[in-house]
Amino acid sequence: MATLPVFRWRLAPDGYATRRQLRAQGLRPGGQCVAAQLERPRRRQGPLVAYLYRVDLAKPVRPMTPGRWAALAKANAARRICPACRRDAGYVIPTSLGMCVPCAYPEPADSPRSA
């Protein structure tokens, strides 16, 4: 098995890019294997590793179809529906609460705001 070339952080040669860098250029890895890796040393832990792909083998990002746009809109709408009261919260429900803020922290009946 061949080992990957390892480069220090910010010292990778031209022609290599991370997934995020490819995406910023409108590209995707397109099924190619990892070509190299970057390592950023840390003091108390192992190094941070970023995988690099060859830019010349990258393919263009697939365009969004109307069906994909509809599915994305439906998924985002579902994230706004509170499972407890079944209302649209107007924001994405926090996963830490699992429900909208009024359902998670109901007002006590004897509070001055409820009057």
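Here are some friendly notes to read alongside the structure above.

1. **Where the model comes from.** Please keep in mind from the start that this is a predicted model. Each point below takes up one feature that you can look for in the 3D view.

2. **The sheet.** Start with the strands. There are four of them in an open sheet, and their order across it is E1-E4-E5-E2, with mixed pairing. E1 and E2 (16-17) are the edge strands: each has a single partner strand, so one side of each is left without a neighbour in the sheet. As background, strands of a sheet pair through backbone hydrogen bonds, in either a parallel or an antiparallel way.

3. **E4 beside E5.** Strand E4 covers residues 36-40. How many bridges join E4 to E5? There are five, and the two strands run antiparallel. To find one place where they face each other, look for Arg40, which stands opposite Leu48 in E5.

4. **E2 beside E5.** Strand E5 covers residues 48-54, and two bridges join E2 to E5. This pair runs antiparallel. Two facing positions help you trace the pairing: Tyr16 is opposite Arg54 in E5, and Ala17 is opposite Tyr53 in E5.

5. **Tyr16 and its ring partner.** Tyr16 deserves a second look. The count of aromatic pairs in this model comes to one. That pair is made by Phe7 and Tyr16, whose ring centres are 5.9 Å apart; their planes meet at 50°, so the pair is tilted. Is Tyr16 buried, partly exposed or exposed? With a relative accessibility of 26%, Tyr16 counts as partly exposed.

6. **Arg54 and its salt bridge.** Now return to Arg54, the residue opposite Tyr16. Arg54 forms a salt bridge with Asp56, and their closest N and O atoms are 2.8 Å apart. The two partners fall into separate exposure classes: Arg54 is partly exposed at 33% relative accessibility, while Asp56 is exposed at 55%.

7. **The other salt bridge.** The structure holds two salt bridges. Besides the one just described, Asp88 forms a salt bridge with Arg80, where the closest N and O atoms are 3.2 Å apart. Here Asp88 is partly exposed, at 46% relative accessibility, and Arg80 is partly exposed too, with a relative accessible area of 31%.

8. **Two cysteines without a bond.** A disulfide is a covalent bond between the sulfur atoms of two cysteines. How many disulfides are counted here? The count comes to zero. Cys100 and Cys103 show the reasoning: the sulfur of Cys100 has its closest cysteine sulfur in Cys103, at 3.4 Å, which is too far for a bond. The cut-off behind this step is 2.5 Å between the sulfur atoms. As for their surroundings, Cys100 is buried, with a relative accessible area of 5%, whereas Cys103 is partly exposed, at 25%.

9. **A nonpolar patch on the surface.** Which residues form a nonpolar patch on the surface? They are Leu4, Val49 and Tyr51, and together they have about 250 Å² of accessible area. Leu4 comes from the segment before strand E1 (6-8). Leu4 is partly exposed, with a relative accessible area of 35%.

10. **Arg44 in a loop.** Between E4 and E5 there is a loop, and Arg44 lies in it. Arg44 counts as exposed, with a relative accessibility of 81%. Try comparing its place in the sequence with its place in space: Arg44 and Gly30 are 14 residues apart along the sequence, and their C-alpha atoms are 35 Å apart.

11. **Arg87 in another loop.** The loop between helix H2 (66-78) and helix H3 (101-104) holds Arg87. At 55% relative accessibility, Arg87 is exposed. Arg87 and Cys100 are 13 residues apart along the chain, with 8.8 Å between their C-alpha atoms. Cys100 is the buried cysteine of point 8, so you have already met one end of this distance.

Notes
Residues are numbered from 1 along each chain as its sequence is written. This is a predicted model: local features need pLDDT of at least 70, side-chain atom pairs count only at pLDDT 80 or more; totals for chains, interfaces and linings use all residues. Side-chain values use heavy atoms; hydrogens and water are left out. Patches are made of residues with over 30% relative accessible area and no salt bridge: like charges are joined within 9 Å, nonpolar side chains (Val, Leu, Ile, Met, Phe, Trp, Tyr) within 5 Å. Accessible areas come from the Shrake-Rupley method with a 1.4 Å probe; for residues, only the protein chains shown count as cover. A salt bridge is a side-chain nitrogen of Lys or Arg within 4 Å of a carboxyl oxygen of Asp or Glu. Helices (H or I, at least four residues) and strands (E, at least two) are DSSP runs, numbered from the N terminus. Buried means under 20% relative accessible area, exposed over 50%, partly exposed in between (1.4 Å probe, protein chains only). Two strands pair if DSSP finds at least two bridges between them. Rings of Phe, Tyr and Trp (its six-membered ring) pair if their centres lie within 6.5 Å; planes under 30 degrees apart count as stacked, over 60 as edge-to-face and the rest as tilted.
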